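Hi,

Here is the structure I said I'd send over. Have a look first, and then my notes follow underneath.

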Amino acid sequence: MKRLIAASLAALALGVSAVSAEPVKVGLITTLSGGGAGLGVDARDGLMLALKNAGDAAKDITVVTEDDGQKPELAVQIADKMIQSDQVDILTGIIWSNLAMAVVPSAVAQGKFYLSVNAGPSPLAGPQCNENYFNVAYQNDNFHEAMGQYANETYKNTIIMAPNYPAGTDSLTGFKRYYKNTLAGEIYTQVGQTDYAAEIAQIRASGADSLFIFLPGGMGIAFMKQYAQSGVDIPVIGPGFSFSQDVLPAIGDGAIGVKNSASWAKDLDNAASKKFVETFQAEYGRLPSIYAAQAYDTGSLIVSAANKASVKDAAAFRAALKAADFESVRGKFSFNTNNHPIQDIYVREVVKEGDVLTNKIIATAFTDHGDAYAEQCSLK
């Protein structure tokens with residue numbers, strides 16, 4: 001019996017070794033230039049740090065990185081090249097939902113896995129869900145739903161604003177799903193817009209007691225600077241993307257006190273998060289953002305799955321991804337039936353610690369929160 005057990009353990013060890021030795025090639029398509037570059041840089045750095053921290057468990061994982069320039073047509077060209085020429089097994093990295101909608105359906109139709117570090121457009125959570133598409137971040141509505149819940153308990157007459165693209169429409173849809181008080185107005189801006197004088201005048205005249213905005217990257221920086229200079233004193237709330245670590249230094253003290261929502265903040269008390277924050281600062285000399293945290297979890301998930309199953313065995317690798325057997329910086333993490341997260345979502349406040357602007361958690365908006373589109377997904 002002892003010999004049988006020893007032989008079984010040896011065989012198991014050989015099996016694990018064989019799986020972990022299977023090469024995995026990851027195609028990282030993200031925004032590394034232009035107004036949204038900070039988001040893509042954080043995503044890239046977070047994913048690469050996860051692989052570095054995994055040590056030997058990630059030694060057979062290679063990453064090919066290219067800049068999509070925040071252009072859907074370029075992202076499609078890069079994805080085609082990565083699939084056909086580079087022969088990647090997994091695609092990841094896209095920040096923007098319009099780029100994800102251009103790339104993901106074709107990639108999964110060709111049998112490739114796509115793991116989202118950020119973009120979570122509603123069609124991919126619902127009718128266009130796919131067994132090879134996993135969103136490791138959220139569904140676009142989620143953080144906005146949390147702020148709708150917060151505003152519903154705090155304000156009576158909110159004006160809301162977002163860019164006119166898939167994530168923007170999902171944003172305001174999510175907010176309105178939980179906000180049941182009066183809407184003072186609904187404003188859609190242009191993607192990449194830099195001048196918000198007209199919108200600020202509209203906000204000033206609205207009679208609102210609060211302003212909800214979703215303006216990621218350079219859009220949020222431009223708006224908040226102009227808003228602070230305008231003298232309008234209507235309090236601002238929003239999702240964590242608009243007030244993430246990568247943009248706070250550029251916004252400046254005008255962001256202090258803003259309430260925002262996210263699934264993670266640097267003061268979240270778990271071992272994985274503490275290690276992530278410490279090693280990110282040591283590696284890159286700055287605090288990580290929510291984009292980096294989501295990408296770090298994506299990298300950790302890839303390592304976990306690659307050490308459980310061969311990526312060439314699609315069914316086994318898919319099951320390994322679905323198990324989500326990794327230590328998330330968010331603490332609790334699992335996938336819903338539509339391969340989107342079930343997770344806690346927090347309300348954070350922008351604070352200044354010494355000379356550094358950052359976020360601290362002040363409340364929990366949702367516990368074990370899924371998304372509104374899972375029931376429209378054919379996956380079970």
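On charges, the protein carries 30 positive and 39 negative ones, and the mean positions of the two sets are 4 Å apart. Keep in mind while reading that this is a predicted model.

As for the surface, the protein exposes about 14500 Å², with carbon and sulfur atoms supplying 51% of that area. Looking inward, 56% of the 380 residues count as buried.

Now the overall build. I count 13 helices and 13 strands in the protein. The radius of gyration is 21 Å, close to the 21 Å that the globule rule gives for 380 residues, so the protein is as compact as a globular protein of that length. If you'd rather think in box dimensions, the C-alpha trace spans about 80 × 40 × 35 Å along its principal axes. Contacts also reach a long way along the chain: taking those between residues at least 6 apart in sequence, 71% join residues at least 24 apart.

There is one annotation to pass on. An unreviewed UniProt entry labels residues 23–354 as "domain: Leucine-binding protein". In the model, that span is 42% helix and 20% strand, and its end C-alpha atoms lie 45 Å apart.

I also picked out two loop residues for you to click on.

Start with D89, which sits in the loop between helix 3 (72–84) and strand 3 (90–92). Is D89 buried or exposed? Its relative accessible area is 8%, and the cut-off for buried is under 20%, so D89 counts as buried. And what is D89 in contact with, once its neighbours within four places in sequence are left aside? The list is P23, V24, K25, K112, F113, V311 and K312. P23 is also where the annotated span 23–354 begins.

The other one is A57, in the loop between helix 2 (37–54) and strand 2 (61–67). Here the relative accessibility is 30%, which lies between the 20% and 50% cut-offs, so A57 counts as partly exposed. Leaving aside neighbours within four places in sequence, A57 is in contact with V303 and N307. For a sense of scale, try drawing a line from A57 to T367: these residues are 310 apart along the chain, and their C-alpha atoms are separated by 32 Å.

That's what I have for now. Shout if you'd like to go through any of it together.

Cheers

Key: Residues numbered from 1 in each chain as written. Predicted model: local features only at pLDDT ≥ 70, side-chain atom pairs only at ≥ 80, totals over all residues. Heavy atoms only, no water. UniProt positions renumbered as here; feature names shortened; annotations may be inferred. Helix = DSSP H or I, 4+ residues; strand = E, 2+ residues; numbered from the N terminus. Rg over C-alpha atoms; globule rule 2.2 N^0.38 Å. Buried < 20%, exposed > 50% of the residue type's maximum accessible area, 1.4 Å probe, protein only. Contact = heavy atoms within 4.5 Å. Areas by Shrake-Rupley, 256 points an atom, 1.4 Å probe, with all protein chains shown as cover. Lys, Arg positive; Asp, Glu negative; His and termini not counted. Charge placed at Lys NZ, Arg CZ, Asp CG, Glu CD.
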